Amino acid sequence: MAKTINIKKGLDIHLKGTPSDTVIQDTTTDLFAIVPDDFPGYTWKTAVKPGDHVKIGSPLLQAKEYADIKLVSPVEGEVMEIKRGERRKIEFVSVKKSGEQCSETFAAGNDRASIVTALQQSGLFACLRQRPFDILPMQGVTPRDIFVTGFDSAPLAVPMLSDEVRKYLVKGLKCLSLLTDGDVYLSVPYDSDFDTDAAVVYNVKGPHPAGNVGVQIANIAPVNKGETVWTLDAVTCARIGRFMQTGKPDFSTDVALTGPDMKNPHIVSTYFGAKLSTLLEGEVMDKEENVRIISGNVLTGTRCSLENGFLRFPYRQITAIDEGDKADEFMGWASLSPSKYSVKHTFPAFLKGLSKPFSFDARIKGGHRAMIMSGEYDKVFPFDIYPEFLIKAILAKNIEKMEERGIYEVAPEDFALPEFVDTSKLELQKIVREGLDYLRKETM
C-alpha cells in the first residue's frame with residue numbers, strides 16, 4: 001500500500017494560460033536540435049558532420065570522458081548544422097527530418113552492465129540525473145536508490161501519468177530496479193490511483209515544489225556525503241520501459257503550450273528539440289508588448305529566442321509571457337492596483353486570495369540588494385536546511401560549510417521558489433549551480 005507525504009511549505013503560483021486537454025500532432029516542424037548545455041557533467045564532442053544521414057538513436061555527440069555515453073538524434077534525417085560559439089563551444093547540433101523515421105536498434109540483457117550500456121548508447125541515459133551535483137550519472141557508480149517523480153507541480157504543468165505512460169511505466173520501474181542495490185521509489189499525486197509492486201510508492205500532497213524530486217528525496221531518504229542517487233520523471237521511466245520492450249528509442253513527446261500570451265493553450269505532439277519558430281507559428285499572441293518564450297516553466301525554464309531557439313530538456317512545456325519592457329503603470333511600484341501579485345500582502349490582491357490566475361510578466365520589479373536574513377526562503381523551502389546560510393556558504397566558496405549546510409541534497413530547481421519570493425532579487429538558481437560545479441571540481 002502506498003505511503004503518504006504531506007508537504008506543508010511551498011507556494012502554488014496560479015498563472016493564466018492553462019492548456020486544454022486537446023492534443024494536436026505537429027506536422028510542420030522539420031528541424032530538431034540537441035543542446036549540450038542541457039546535459040551537464042560531461043564534455044561533449046561531435047560524432048557527425050553536416051550532411052551525414054542519421055536515424056532515430058544515431059549518435060550526434062559523445063562524451064569525451066566516456067565514449068559510450070551518447071546524445072542521439074531524435075529523428076531520422078540529415079545533419080544540418082553544428083553550431084559553435086565562443087572558444088568553439090558546441091551550442092547545438094541540428095537535424096532536418098526526412099525519410100520514413102527509422103530507428104536504430106539496441107540490445108539489452110537482464111544484467112546491470114548490459115542495460116546501462118544500452119541506455120548510454122541509445123541516448124536515454126542522458127535523461128537521468130544524479131544527486132549530488134545534479135548532473136548526468138557518473139560512469140561506474142551504482143546508485144544507492146533511484147527516485148522517480150510521477151507529477152510536476154510547477155506552474156501550468158500538465159499531468160504525467162497519461163494512459164501511454166502508464167502502459168510502460170511498470171516495465172521501466174522493473175528495469176531500474178536492476179540498476180541499484182537499493183530501492184526504486186515512485187512518487188505520485190495524492191489523488192492518484194496508481195499503485196505497483198515494482199517500486200515503493202508514495203502519495204504526495206501539498207503545494208509546489210511537492211513535485212520536485214529533491215523534495216521527495218528529502219522526505220523519503222535524504223542524500224548524505226559519499227552517497228549517490230539517480231533521479232528521473234515518470235515519462236522518462238516509461239520511455240525506458242518501452243525501449244526495453246522494443247529495443248528502439250522513442251523521442252516523441254507531448255509539449256504543453258502554456259502561458260498568458262498563448263492564443264490557444266493546448267498540447268502538441270512532436271519530438272525532442274523541435275524548432276520553436278515552426279512549433280509556435282500562429283500560437284503566440286500578436287501584441288505591442290514583447291513576448292518572452294520560455295522552454296519549460298516560468299520558474300526553472302530556459303529563455304529562448306522564438307526565431308532561433310529549440311525545445312529544451314526536459315521537453316515537456318513551453319511558456320509565453322510578457323517581457324514587461326514596455327510596461328507603463330500609474331505610480332509604478334507604489335501602485336495599489338488589485339491586479340498586482342503579492343506573496344507578502346504588500347498589495348491588496350491578497351484580499352481576494354492568490355488562487356485566481358494572474359498574468360505575470362518577466363520584470364524583476366526591483367534592483368539587486370544585500371541579502372536580508374528575514375526567513376522568507378524558509379516559508380517556501382520544504383527541506384530540513386537553512387537556505388540563507390547555505391547560499392552564504394556557496395558565495396564564500398566555503399566547502400566545509402557548504403557540506404554542513406546540506407548542499408549534497410539540493411539542485412538549482414529547489415531554489416526556484418525562494419528566488420521568486422526573494423526581496424534581495426538574487427539569482428539563487430545560478431548561485432547554487434555554480435556552487436555545485438565548484439564543489440564537484442574541488443572534491444572529485
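# Exercises on a Predicted Protein Model

Met373 is partly exposed, with a relative accessible area of 38%. The structure in which this residue stands is a predicted model. The exercises below begin with this residue and then turn to other parts of the chain.

## Exercise 1. A nonpolar surface patch

Determine where Met373 lies and which residues form a nonpolar patch with Met373.

*Solution.*
Step 1. Locate the residue. Met373 belongs to the loop that runs between strand E19 (317-322) and helix H6 (387-395).
Step 2. Check the exposure. A residue must have over 30% relative accessible area to be counted in a patch, and Met373 has 38%.
Step 3. Name the partners. Tyr386 and Phe389 join Met373 in the nonpolar patch on the surface, and together the three have about 340 Å² of accessible area.

## Exercise 2. The surroundings of helix H6

State which residues of H6 are buried, and name helices that take part in covering them.

*Solution.*
Step 1. Apply the cut-off: buried means under 20% relative accessible area.
Step 2. List the residues. Pro387, Glu388, Leu390, Ile391, Ala393 and Ile394 are buried in H6.
Step 3. Identify the cover. Helix H7 (399-404) and helix H9 (428-443) are included in what covers these buried residues.
Step 4. Inspect the chain just after H6. There, Lys397 takes a positive phi of about 55°.

## Exercise 3. The protein as a whole

Describe the overall make-up of the protein: how many helices and strands are there, and how does the radius of gyration relate to the globule rule?

*Solution.*
Step 1. Count the elements. The protein has nine helices and 19 strands.
Step 2. Compare the radius of gyration with the rule. The value is 22 Å, close to the 22 Å that the globule rule gives for 444 residues, so the protein is as compact as a globular protein of that length.
Step 3. Consider the dimensions. Along the principal axes, the C-alpha atoms fill a box of roughly 65 × 50 × 50 Å.
Step 4. Consider burial and contacts. Of the 444 residues, 54% are buried. Among contacts between residues at least 6 apart in sequence, 69% join residues at least 24 apart.
Step 5. Consider the surface. About 20,300 Å² is exposed, and carbon and sulfur atoms supply 48% of it.

## Exercise 4. The pairing of strand E17

For strand E17 (residues 291-295), establish whether the pairing with E19 is parallel or antiparallel, and do likewise for E18.

*Solution.*
Step 1. Examine E19. E17 and E19 run antiparallel and are joined by five bridges. In this pairing, Asp322 of E19 is the bridge partner of Val291.
Step 2. Examine strand E18 (residues 302-304). E17 pairs with E18 in the antiparallel sense over three bridges. Here, Cys304 of E18 is the bridge partner of Ile293.
Step 3. Describe the turn. E17 and E18 form a hairpin with six residues between them, and Gly296 in the turn has a positive phi of about 120°.

## Exercise 5. Backbone geometry in the loops

Find the cis peptide bonds that precede Pro209 and Pro314, and examine the positive phi values of Arg87 and Tyr315.

*Solution.*
Step 1. Consider Pro209. The bond joining His208 and Pro209 is cis, with omega about 20°. Pro209 is placed in the loop between strand E13 (200-205) and helix H3 (213-220).
Step 2. Consider Pro314. The bond from Phe313 to Pro314 is cis, with omega near 15°, and Pro314 lies in the loop between E18 and E19.
Step 3. Consider Tyr315. Phi is near 65°, and the place of Tyr315 is in the loop between E18 and E19. Tyr315 is buried, with a relative accessible area of 3%.
Step 4. Consider Arg87. Phi is near 55°, in the loop between strand E8 (77-84) and strand E9 (90-97). Arg87 is exposed, with a relative accessible area of 87%.

## Exercise 6. Salt bridges

Which parts of the chain does the salt bridge of Glu413 and Arg131 link, and are the two residues buried or partly exposed?

*Solution.*
Step 1. Recall the principle. Side chains of opposite charge can pair when their charged atoms come close.
Step 2. Check the distance. A salt bridge requires the nitrogen and the oxygen to be within 4 Å; for Glu413 and Arg131 the value is 3.6 Å, N to O.
Step 3. Locate the partners. Glu413 lies in the loop between H7 and helix H8 (416-421), while Arg131 lies in strand E10 (residues 129-131), and the two are 282 residues apart.
Step 4. Classify them. Glu413 is partly exposed at 29%, whereas Arg131 is buried at 2%.

Technical notes
Residues are numbered from 1 along each chain as its sequence is written. This is a predicted model: local features need pLDDT of at least 70, side-chain atom pairs count only at pLDDT 80 or more; totals for chains, interfaces and linings use all residues. Side-chain values use heavy atoms; hydrogens and water are left out. Patches are made of residues with over 30% relative accessible area and no salt bridge: like charges are joined within 9 Å, nonpolar side chains (Val, Leu, Ile, Met, Phe, Trp, Tyr) within 5 Å. Accessible areas come from the Shrake-Rupley method with a 1.4 Å probe; for residues, only the protein chains shown count as cover. A salt bridge is a side-chain nitrogen of Lys or Arg within 4 Å of a carboxyl oxygen of Asp or Glu. Helices (H or I, at least four residues) and strands (E, at least two) are DSSP runs, numbered from the N terminus. Buried means under 20% relative accessible area, exposed over 50%, partly exposed in between (1.4 Å probe, protein chains only). Contact means heavy atoms within 4.5 Å. The radius of gyration is taken over C-alpha atoms; the globule rule is 2.2 Å times the number of residues to the power 0.38. Two strands pair if DSSP finds at least two bridges between them.
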